[in-house]
Amino acid sequence: MVHVYNCHPFSSQHIVQVEQEPGLVCCGGGALFVVATGGCKVEAYDLEQGSCPLICRFATMGAVASIQHSKMGDYLVTIEEKNSATYLRVYTNWRHQAEERARVGVRLLGHLLRGGSMRGGAQMEIIEIPLSERPVAVACCAVTGDLLVGCGNTLVLFTLRRQNQNSLQILQGAGPGAHQNPGPSQTVSILDFERSVILHLSELTPKQVALCDSYVAMQTELEVLVLKLEASSEPEVQEESPDTNQDDQPDFLVLPRHQELLGDRAKDCGVHVSVERTGLEDGGRSSVSYVLFRSLTPDSSPGGVAEEILLQSLQLRPLFTRHQSAPPDGPACVFCFFSLPSSGYLYSLKGCVERLSVYQYPERVLAAALTDQLLHVITRSALQCFTVRCAAVAARMDDPYIDTTVKACPPCSLEACALRMQLFIGLRSVCVDGRRVVLLSTANMEAPEESGRTPQRRSLEFREHNVLTGIFQAVGIDPTTTPALGSLLSRPLLSRKWASPPPRGSSAAGHGWNLYVIDTVPPLTLYRELVEYSRRYVATTPQAQSLRHLLSEAHLLLRAAALQQQNREGGAAEGTAGGRELDDAFRQNCAQLGDSFSRACQKDCHLALPYYRMSGLSVEEVVSRNRPLPSSPRFHGPGFLFYLKHHLLEETAPRLSQEAADEVVAIFSQSEPSQLVGVCVGPAMANMSPARTLQALRRAEATAGVSVARTIAMATMMLLLDELPQFTQLMERHAEMLLVYGFMEEPRLLLHGGGGGGGQHGHARPTALARQLVNSQPGLLVAAMVALHASGGVQLQQADHVFKALGCERCLQVDFWEAILMASSQEDVVQELLFRVASVYIDRLTDARPDPPRGRGPLKSADDLINSCCHYGALYPWLTVLNPARTSNAQHQEAPHKLQSLLCGPSLSVGAVSPLLDGLPEETSWGFSLHLLRATRRGQYDSCIEKLLDRCPQAIVAYGNHHFQDEDKVLWWTKLLPELCNRTRAAADNGILLAALKETVVVVAMEMSPAEFLELIPDDGAASYFLPHLLTCCQRHLLT
């Protein structure tokens, strides 16, 4: 459906004074080019000036059948006919004819002239482009200036080349005047073309072509095909043409039907395209990918004839975004438009290929021209404008935050609207350059229709002519002798209505044609008219869909104007007066769209949030705009509530005044009490009245029942009111685990600035409730922080910042780390925390950073961690011998026990904490045991045996029993037994060594054969000491 709005897009119009009747018209680069009917002369007029003065006129070499202008290179390309032959010619430096210079250079493609070309393009040049087939259509690329020519079954692409002075001298060689270098003001590059690619088509015969960057489009009578040329470094491989053997063709007629193939599906269109690369400079090969194929059936609108209603107005239009001051990768968006007389189609080609709009025309359209902001179409008697969706596509290409809670833009599928039409008589063609629309009209409508008459219509007119001639002859009048009667009989009088009166714009000379230049209004003017037009809906039906559609059209109009101004001013439009005015209008429009969506239905209400954000309005201003009138019911729209709820969730939202905060509490208490807890605990609501908020929470509890999160919020309000007994009573209403679930439901009850996406950069801040829990319920605080970390509500670095702000980074923070080790399964988090807690334990042993005084011990003892955490291992038995338990300072013993448990566990990396262990003195028993554990973890058993025998020989057997297993059992007789024998020989009265030697001999006797055991007995040993063990070894050997 097409909406129709009575907004005028045109500001003024004037008539171009042309001497002869125009046959062809085109415009570009601020100039209007007119070719007289049947003539061989082109006249150029300046569109930048209001009176459109003549720039120059020059003759062509043949009758012009088609003419196009290229903005890149500022050249004209024509298809000309002369002596029954068709030629393709390019006219460069045509502006030099304004200086009445008669010199014109004519050359072939690739052959540069010595004269004008060597002087830097000081004269107009005509480039003859030879073709093997007759050219049918031609198009210029608005991005690169390349040229595309459509022939019978081929498309030929010519690449624009610019030759500088040095390359010209090299190409032409030394010649007369070659030594004369032009001055800096004369160094103008010379344009030339190179035939680069030929596309061979198997099924289509192009009637119209278009080119934009690497996109090639062709149009037949009822089909449109869009291809994309892609370069490749691989060598070219000749593609085989499909088999077209006529014997295999079915003996039936395939009727055309509607078909739309987008993207990769377009390759199934049945049209085979082969690529022939002819360029000399670029190596490799070129390939084509199918982008779009559309097949349509002949239009059968009332009053139309199928044979004369075919496709027309094929266009490819690029659009650059504000970040593309230079287009190295081509335009951000490319659009394709084509039309039937009754409907037009607009597609987006780059990225995801999609159909944007279908335009249903109210009457038969003769031609159409697409711009970034509007679509201009002409009928026989009117010029009409439709809105386009190019800006919506460009916005999504340019800004990744579109369609999020941060930014929004009307959808690309938004229904188009038609603006007020401008009436004319006898329109024939339309073309657009910037904000100027050029129209060609002829008062005599017979001429343009003569070629399109069908045989049925001409037969009817012939019968009418015979009837009227017979009537005049019956009364004795011969029409052939009277010119006036002959002219009268040449018109169809019985089968059609009388023609409209002659146009008011006819010149004084009385000719029946006019050339109009229509100025479109500035975008801001049209935007204001759309806003003014929308106010009638605001007064009557503020929730009407038409109001939202009008505001969306205005929004897209401003976006298109901003992109156009950015590209025109090179990305520096923000600081200009026009840029500031556009920004103000854009913010105003976003505020109006926010107002519209704030009252919208549940489906679209979420759009109020991004539009209000883009408007720059404060929360107080948004609340004021959505405040119900005294006469209206106290109702707030779902979009407004959605905006408030999500805006107040932001940690960076500015604090509201007490009046505004209390009003927000009242709004949610009345409209959505279930969201009251989430609203009142945000940092933006810090200035609210605790007493009023407590009353609102109690009313919500009375209505909806008891909730853990609501109970915690009520306790927070009591804390802010210094009502500690009531605070304690509310906190004791639920068990600790339920309170933890309450904090998980609403983390901002405990801290502000958290969130899983904050990472290391979003510092969290504790709330007043968190500060109170440090003293009253520290276990609940740690459990809640662990739960938030597990659910992603707070990151590890953020939790560290919270405990530091609470002043308990050396106590509760360590308890938090230990609890995370018990709960977390993330390896990177585990390794980081293991290093942290080991560092704290070592600091506590060395008293390098003494803990702050506190009246309680750690939340988890070493035994608790050993029993509940897999990263803490059970203490080795020999450690209890090495460090017997003491009762002097239980808290001081927790640190070495936990550190020993970590070293006995499987997870701590010894290499990571080894530099920290170096600082522990070995003189103390704790330091000695930790150094011994480190050496044991590294497998340094020899040194450990020696150290134990030196410091604590009573632990050597326990050490051996625990560590000398499997492949390490050889240490019993290779290292330990010889070492004990030597030491007991030196100290025979040492009972500890003798006991250790005895237990060692028992182990060795059990593991070795009698012969091996005999070899181990020292030569000077007492036989009576070893004999019982030898007997035991022999008995065991006999049994086995």
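## Core of the model

Two residues are in contact when heavy atoms of theirs lie within 4.5 Å. In this predicted model, Leu-439 touches Ile-378, Leu-383, Phe-424, Leu-427, Ser-429, Val-430, Asn-514, Leu-515, Tyr-516 and Ile-518, leaving aside residues up to four places away in sequence. Leu-439 and Phe-816 are the residues with the most contacts inside the largest nonpolar core, which has 181 residues. Helix 22, residues 827-846, gives the most to this core, with ten residues.

Apart from this core lies another, of 48 residues. Val-143, Ala-217, Met-218 and Leu-292 are among its members. In soluble globular proteins, nonpolar side chains tend to be buried together.

## A five-stranded sheet

Five strands form an open sheet with antiparallel pairing, in the order 12-13-14-15-20. Strand 12 (137-140) and strand 20 (273-277) are the edge strands, and each pairs on one side only. On average, neighbouring strands of the sheet are turned by 25° against each other, direction ignored.

Strand 12 and strand 13 (residues 147-150) run antiparallel and are joined by four bridges. Cys-140 of the hairpin stands opposite Leu-147 in strand 13, and Val-138 has Val-149 in strand 13 as its bridge partner. Six residues lie between the two strands of this hairpin, where Gly-145 takes a positive phi near 85°.

In a regular strand the side chains alternate between the two faces of the sheet. Strand 12 can be read in this way: Ala-137 and Ala-139 point one way, while Val-138 and Cys-140 point the other way. All four of these residues are buried.

## Helix 12 and its surroundings

Helix 12 covers residues 658-671 and has 14 residues. From its first C-alpha to its last, helix 12 reaches 20 Å, close to the 20 Å expected at 1.5 Å a residue.

Which residues of helix 12 are buried? They are Ala-660, Ala-661, Asp-662, Val-664, Val-665, Ile-667, Phe-668 and Ser-669. An α-helix has 3.6 residues a turn, so residues three or four places apart point the same way. The cover over the buried residues of helix 12 includes helix 10 (619-625), helix 11 (638-649), helix 13 (676-680) and helix 14 (690-704).

## Aromatic pairs

How many aromatic pairs does the structure hold? There are 17 of them. A pair of aromatic rings is described by the distance of the centres and the angle of the planes.

The rings of Phe-33 and Trp-94 have centres 4.9 Å apart and planes at 80°; because an angle over 60 degrees counts as edge-to-face, the pair is edge-to-face. This pair links distant parts of the chain, 61 residues apart. Phe-33 belongs to strand 4 (residues 31-36), and Trp-94 to the loop between strand 9 (85-92) and strand 10 (104-108). Both Phe-33 and Trp-94 are buried.

The rings of Phe-803 and Phe-816 have their centres 5.3 Å apart and their planes at 40°, so this pair is tilted. Phe-803 lies in helix 20 (residues 796-806) and Phe-816 in helix 21 (residues 812-823), 13 residues apart. Phe-803 counts as buried because its relative accessibility is 0%. Phe-816 also has 0% relative accessibility and therefore counts as buried. Phe-816 is also one of the two residues with the most contacts inside the largest nonpolar core.

Elsewhere, Tyr-876, Trp-878, Tyr-941, Tyr-959 and Phe-964 form one aromatic cluster.

Technical notes. Residues are numbered from 1 along each chain as its sequence is written. This is a predicted model: local features need pLDDT of at least 70, side-chain atom pairs count only at pLDDT 80 or more; totals for chains, interfaces and linings use all residues. Side-chain values use heavy atoms; hydrogens and water are left out. A nonpolar core is a set of buried Ala, Val, Leu, Ile, Met, Phe, Trp, Tyr and Cys residues joined through side-chain atoms within 4.5 Å. Buried means under 20% relative accessible area, exposed over 50%, partly exposed in between (1.4 Å probe, protein chains only). Two strands pair if DSSP finds at least two bridges between them. Axes are lines fitted to C-alpha atoms, for helices over the stretch in contact, and angles run from 0 to 180 degrees between N-to-C directions. The expected span of a helix is 1.5 Å times one less than its number of residues. Rings of Phe, Tyr and Trp (its six-membered ring) pair if their centres lie within 6.5 Å; planes under 30 degrees apart count as stacked, over 60 as edge-to-face and the rest as tilted.
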